[in-house]
Every structure is written in structure tokens, then in C-alpha cells.
Amino acid sequence: DPSFSPTPLPTMYPTLSLSSFRDELRNKGHSVFEPGSPNGCQTGLYKIKVEILTDKFGGDTAWSLIEDSSGDVIYSVQEKTYDRYSLETVEMCVSFGSHTFQISDDYGDGVC
């Protein structure tokens with residue numbers, strides 16, 4: 001049972017509008033936040049949550065969320081912010097569109 005009906009031929013552009021995608025999600029029982037809904041965001045913004053689980057060198061972890069259309073850094077966390085073995089949660093409101101999540105390890109050996 002595919003989530004959405006396939007298009008008959010490959011297309012150059014998405015064939016599923018945002019509103020029909022929201023309707024499909026609702027029909028499947030998923031919660032969908034609408035801009036301006038009681039999600040704590042201003043009208044036109046959507047709430048997202050980023051969870052980071054650090055390793056024993058949590059202070060080496062840094063990350064940022066970048067809005068692709070403008071290149072603006074929406075949120076960032078620098079090295080030496082997190083403790084070892086901690087679960088960090090950040091909620092924020094973002095505009096609809098593409099975003100890039102970048103995470104780095106200051107020491108360069110990755111997450112252990």
C-alpha cells in the first residue's frame with residue numbers, strides 16, 4: 001500500500017500540492033500543524049524539534065540549521081555547549097521550505 005498514488009510518468013515538478021499532502025497525512029491519522037495554529041509559532045511558521053544525543057565528548061558537538069532560500073542561519077550551537085552523554089532538545093519555528101542541517105565534531109573523530 002503506497003502512501004500516495006504514483007504519477008503515470010516521471011514529471012519534472014512535484015505533482016502533490018502541500019494542501020493535498022496535509023490532507024493525506026490527516027487521513028492517515030497524523031497530526032498536522034497549520035501556520036498560525038496553537039503550536040506556539042507566528043502565522044506562516046511551523047514548529048520543528050531537533051534532538052541531539054551526545055557521546056562522551058559532547059563538548060565537541062556543534063550544529064546549525066540553515067534556510068536554503070536565503071542562506072540565513074536560523075539556529076546554531078557552538079562547541080563546548082553540551083555535556084557528555086546528554087539529550088538536548090531545541091524547538092523552533094521555521095518558515096516552510098528547504099533547510100539544511102549541519103552537524104560537526106570539533107575533534108574530527110565523529111560520534112563515539
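The paragraphs below go through this predicted model from its overall make-up to the pairing of its strands.

Taken as a whole, the protein chain contains one helix and five strands, and anyone following the sequence from its start meets these elements in the pattern α-β-β-β-β-β. The protein chain has 112 residues, of which 23% count as buried, a class that takes in residues with under 20% relative accessible area. The accessible surface of the protein chain amounts to about 8,100 Å², and carbon and sulfur atoms account for 53% of that surface. As for how the chain meets itself, when contacts between residues at least 6 apart in sequence are considered, 61% of them join residues at least 24 apart.

The next topic is the sheet. Strands of a sheet pair through backbone hydrogen bonds, in either a parallel or an antiparallel manner. Here, three strands make up an open sheet in the order 3-2-5, with antiparallel pairing. Strand 3, residues 73-77, and strand 5, residues 99-105, stand at the edges and have a single partner strand each, so that one side of each is left without a neighbour in the sheet. Direction ignored, neighbouring strands of this sheet are turned by 10° against each other on average.

Which residues make up strand 2, and over how many bridges does strand 2 pair with strand 5? Strand 2 covers residues 61-67, and its antiparallel pairing with strand 5 runs over seven bridges. To locate this pairing in the structure, one can look at Thr61, whose bridge partner in strand 5 is Asp105.

Definitions and conventions: Residues are numbered from 1 along each chain as its sequence is written. This is a predicted model: local features need pLDDT of at least 70, side-chain atom pairs count only at pLDDT 80 or more; totals for chains, interfaces and linings use all residues. Side-chain values use heavy atoms; hydrogens and water are left out. Helices (H or I, at least four residues) and strands (E, at least two) are DSSP runs, numbered from the N terminus. Buried means under 20% relative accessible area, exposed over 50%, partly exposed in between (1.4 Å probe, protein chains only). Contact means heavy atoms within 4.5 Å. Accessible areas come from the Shrake-Rupley method with a 1.4 Å probe; for residues, only the protein chains shown count as cover. Two strands pair if DSSP finds at least two bridges between them. Axes are lines fitted to C-alpha atoms, for helices over the stretch in contact, and angles run from 0 to 180 degrees between N-to-C directions.
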